[in-house]
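Here is a set of questions and answers to work through with the model open. Take them in order.

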Amino acid sequence: MKKEVNVWDYAGEILAGVEKGALLTTKAGDKVNTMTIGWGHLGVEWSRPIFVVYVRQSRHTKAILDQNGEFTVNIPVGPIDKKILGLCGTKSGRDMDKFQALGLTQVEGQTVSVPAIAELPLTLECKVIYQQDQDLSALEPAYRAHSYPAGTAEENNFHTAYYGEITAAYILED
Ligand SMILES: Cc1cc2nc3c(=O)[nH]c(=O)nc-3n(C[C@H](O)[C@H](O)[C@H](O)COP(=O)(O)O)c2cc1C
């Protein structure tokens, strides 16, 4: 069952949840993948409710999002098995099926082709309406050095911001 929610009523839960770790799920063809995110923005632009995710160039998630500009964000409500965010934040969907490995339950999306995940019940369904590669030359040098250290594989592994219009928001219930 899905309990529809107003995103502004749940803004605190959504943002606190993302900061602790949420799942960003994508799908292209019949392949579904999910990864842990710790960065995200909830807000308004173009008079629409928007959730922005930040995805590094190297992520399998990026390749999928560039094929199908739809995604879901799933946020824990209450306790969550730490293994889920750990595995989804360290293993790539290029190498394994994370859903199968963790026994995660897919729930069909309402407005997008991408499923939600029952184990993290607070769900946002989003359609990408804008995307932008972040310009590292515009970033405060100390922050650039921290996240994209010179001389490492991360130096040019910048993030792309995907602005998803929130087309549905709900909590999955038994
Ligand atoms: C707590 C946590 C937060 C993370 N946040 C992000 C994020 O916001 N953006 C990102 O690109 N990667 C983030 N990552 C890294 C990805 O989850 C990780 O590289 C993942 O294995 C990528 O999976 P994929 O290759 O299947 O897309 C985070 C990892 C952890 C553990």
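## Ligand shell and buried elements

Q: Which residues come nearest among the 19 around the ligand?
A: This is a predicted model. The ligand has 19 residues around it. Of these, the nearest are G38, T61, G89, S92 and G93.

Q: Which element gives the most residues to the shell around the ligand?
A: Three elements give two or more residues to the shell: β3 (31-37), β5 (48-56) and α2 (60-67). The top contribution is 4 residues. The element that gives them is β3.

Q: How many residues of the shell around the ligand are polar?
A: The shell holds 5 nonpolar and 4 charged residues. Gly counts as polar here. The polar residues number 10.

Q: Where do the buried residues of α2 fall, seen down the axis?
A: In α2, T61, I64 and L65 are buried. Seen down the helix axis, they fall within an arc of 100°, so they line one face of the helix. The buried residues pack against β2, β3, β5, β6, β9 and β10 (159-172). Their place in α2 is therefore one face, within an arc of 100°.

Q: Why is strand β6 largely enclosed by the rest of the structure?
A: Take the two faces of β6 (residues 70-75) in turn. On one side, E70, T72 and N74 are buried. On the other, F71, V73 and I75 are buried. The strand is largely enclosed because its buried residues number 6 of the 6.

Q: How many bridges join β6 to strand β9?
A: β6 is joined to β2 (residues 22-28) by 3 bridges, and these two strands run antiparallel. β6 and β9 (residues 122-133) also run antiparallel. The bridges between β6 and β9 number 6.

Q: Which residue in β9 is the bridge partner of I75?
A: Partners can be named for β6 with each of two strands. With β2, L24 has V73 as its bridge partner in β6. With β9, the bridge partner of I75 is L122.

Q: Is G17 buried or exposed?
A: G17 lies in helix α1 (residues 11-20). A residue is buried if 20 or more other C-beta atoms lie within 10 Å of its own. G17 has 20 C-beta neighbours inside 10 Å, so the label is buried.

Q: What separates the C-alpha atoms of G17 and V77?
A: Leaving out residues up to four places away in sequence, G17 touches A22, I75, P76 and L122. V77 is 60 residues from G17 along the chain. The separation of their C-alpha atoms is 8.0 Å.

Definitions and conventions:
Residues numbered from 1 in each chain as written. Predicted model: local features only at pLDDT ≥ 70, side-chain atom pairs only at ≥ 80, totals over all residues. Near = placed C-beta within 6 Å. Buried ≥ 20, exposed ≤ 12 C-beta atoms within 10 Å, placed from the backbone. Pairing = 2+ DSSP bridges. Contact = placed C-beta atoms within 7 Å. Arc of directions from axis to C-beta.
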